[in-house]
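Notebook open, model loaded. I want to go through some sheets and one helix, and jot down what I find.

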Amino acid sequence: MTTSSTLAISTLFGTPEFLKAQISPDGRNVAYLAPWTERLNIWVRPLGMEQNGETIRLTADATRNIDGFCWTMDSGSILFVQDTDGDENWHLWRTSASGEGSRCIDLTPYDRVRVVSLELVLDRPNVALVQMNYRRSDLIDLYEVDISTGALTMIAESPGRFVHWIVVPGNTLHGFVINAGGDHELARYEDGGFAPVAVFKGRDYPLGPLPARATPDGKSVIIGSNTGTDRTRLARIDLGTGAETEIDSHPHYSLDTPRPEADPRYPSSLIMNPVTGELLGVRYLGEQQVIKALTPLFAAILAEIRLLSDGDIGHLSCDASGMRWVVEFTNDRHPGTTWMYDHTTGEGRILGERYPDIDYSALAEVRPVTLRSRDGLDLHCHVTLPVDVEACGLPTVVLVHGGPWYRDACVYDPEVQFLASRGYAVLQVNFRGSTGYGKAFMQAAIGEFAGRMHDDLIDGLDWLIAEGVADPKRVAIYGCSYGGYAALVGASFTPDRFAAAIDYSGMADLRALVEDAVPFVRPTLVNNYLAYMGDPTDPEQNRDMFARSPMSRIDHIRSPLLVIHGANDVRVAKAQADAVVEAARRNGVEVDYLLNEREGHWFINQDSNIELYRTIEKFLARHLGAPHAE
């Protein structure tokens, strides 16, 4: 067991032992992710067995971690998606849940095609409805895939605009499309085109009205709506009239809608029976998570589940009856323990832990703090301090989240714990543009890349310095994706504030970020990239975008720089990282460059992440000093 406050990188970022467990629809088995040859694969075992009972491995991917999966409606198979070395061209795979003669079948064996959505149908257990760009790279069509044979049938062709298809019980098709004015339309698909049902202002939904689910009766669609409000609430849209009705809301918190595809720390905001589609509960997220039950039965079940652990409820699933549950609990100092709960008997028992070898007493508390920006906005931040170290004059890392349409929260984050265990104070600022704090706060970021969005980070840092916690001469800025951009902005726009910067998959030229977007994504950029950063096809906006890009001020960088990138990144091209490294080195800046040939925008495999954090550890130790090191 790890007992030192300096938690080993191989422990924090090694292969988890047990995670993302899901109960089968018939309630007999539990499937979960666990290691095989140092890669996460899918395993299954009967729920009637003891914790260490017989298990069956269903997959044998020795190349890349499997990140998630789902049961088929008949409990006979398990489906999952997998890409190649981070290229995000996800294929849909099937494996038998019995393990008998088990081998994985690629149901969408098409080159350079991306499965973007999967839906199962209750009364057709051998069918998967898949959204993908098989016909044309720039269009997302809807297909029916035979789970047994892989036979592909076209259901609906996109008429030329971005479509997120919604299959409504009763065999009617709807979708969210972006109209000519940039607004989101919930529309009915008929005669090869769309008839509008309801319209949602584009600027209020940079990523679209999420989540979106058809109700089991086929009469309405459930969405997260901020129409007429600042906070996001749960609403029902009548498919006949387009009328919106509130289902539930919280007086202070928005519907918990971080981007689960970007970070698996956050489970879905909707708690549903995966077989019947019944809506059971909803999550909100402020300083802490709030779950509200929406049915009397789930209210009773939720009360009993909460007695199992004092942690926050994370990923959970139930069988078709809604009586047997598999629930993961986690908190800021615990990566996760999974329980099984049977409401018919009241029995609850532990199924597994993500990282059983971590000494949780060595993990640091994540403390929420609200600050005031220089122009009067509330900034919701998180501060994590090293365990058993005086909070005075500490070397500090400003850790910036990606997105920027995303947020940090009081959750377990191995990256935060890694930095704190090395003796660094960690500051996370939910700067303007972050989600979860209302649309006015989000829209305050429009036109503020490298402007007030960066000021928010500096304001948070100034507060931490004024508190006496941070040593102003030993501060690094670090982040991934947008956070990598923010790190480059810190190094190039405010070079006197940071002793070092770490850019992980960050964009250096905002124009290239837009121009390099994959074809089917481009219509969606109108409400996010184009609205917040600018349109590179407009000469004036093009000039402004470059002025807000670190590449325009690369000669201002003076502090040491670490650049991290995956060679197969399809969101931020490797060429952007190459350009930063070449220009900074040409100017005499000390630059370390970690390029991983087997990864994309985020590093997935354990060996990649262990190499990444060992590199970060050495870099920070050289330039900030490290009270603790591995």
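First, my terms: helices (H or I, at least four residues) and strands (E, at least two) are DSSP runs, numbered from the N terminus. I am working on a predicted model, where local features need pLDDT of at least 70, side-chain atom pairs count only at pLDDT 80 or more, and totals for chains, interfaces and linings use all residues. Residues are numbered from 1 along each chain as its sequence is written, and side-chain values use heavy atoms, with hydrogens and water left out.

**Helix H3**

I started with H3, residues 414–421. Seven of its eight residues are buried (under 20% relative accessible area, with exposed over 50% and partly exposed in between; 1.4 Å probe, protein chains only). So the rest of the structure largely encloses H3. I noted the buried ones: Glu415, Val416, Gln417, Phe418, Leu419, Ala420 and Ser421.

What caps the N-terminal end of H3? I found Asp413 there, with a side-chain oxygen 2.9 Å from the backbone nitrogen of Glu415. Just after H3, Gly423 has a positive phi of about 95 degrees.

**Around S30**

Next I looked up S30, residues 378–384. Five of its seven residues are buried, so this strand too is largely enclosed by the rest of the structure. For pairing I go by DSSP, which must find at least two bridges between two strands. S30 pairs antiparallel with S29 (residues 366–372) over seven bridges, and with S32 (residues 425–430), also antiparallel, over five. Cys381 turned up twice: it is the bridge partner of Val369, and its own partner in S32 is Val429.

I also checked the hairpin of S29 and S30, which has five residues between the strands; Gly376 takes a positive phi near 95 degrees there.

**Sheet S9 to S12**

This one is an open sheet of four strands, ordered S9-S10-S11-S12 and paired antiparallel. Which strands stand at the edges? I get S9 (115–121) and S12 (152–156); each has a single partner strand, so one side of each lacks a neighbour in the sheet. S9 and S10 (residues 124–132) share six bridges, and Glu119 has Leu129 in S10 as its bridge partner.

**Sheet S1 to S4**

My last stop was another open, antiparallel sheet of four strands, in the order S1-S2-S3-S4. S1 (19–23) and S4 (56–57) are at its edges with a single partner strand each, so one side of each has no neighbour in the sheet. I count two bridges between S3 (residues 39–46) and S4, and Trp43 stands opposite Arg57 in S4.

Definitions and conventions: A polar contact is a pair of N or O atoms within 3.5 Å; within protein, one must be able to donate a hydrogen and the other to accept it, and residues adjacent in sequence count only if both atoms are side-chain atoms.
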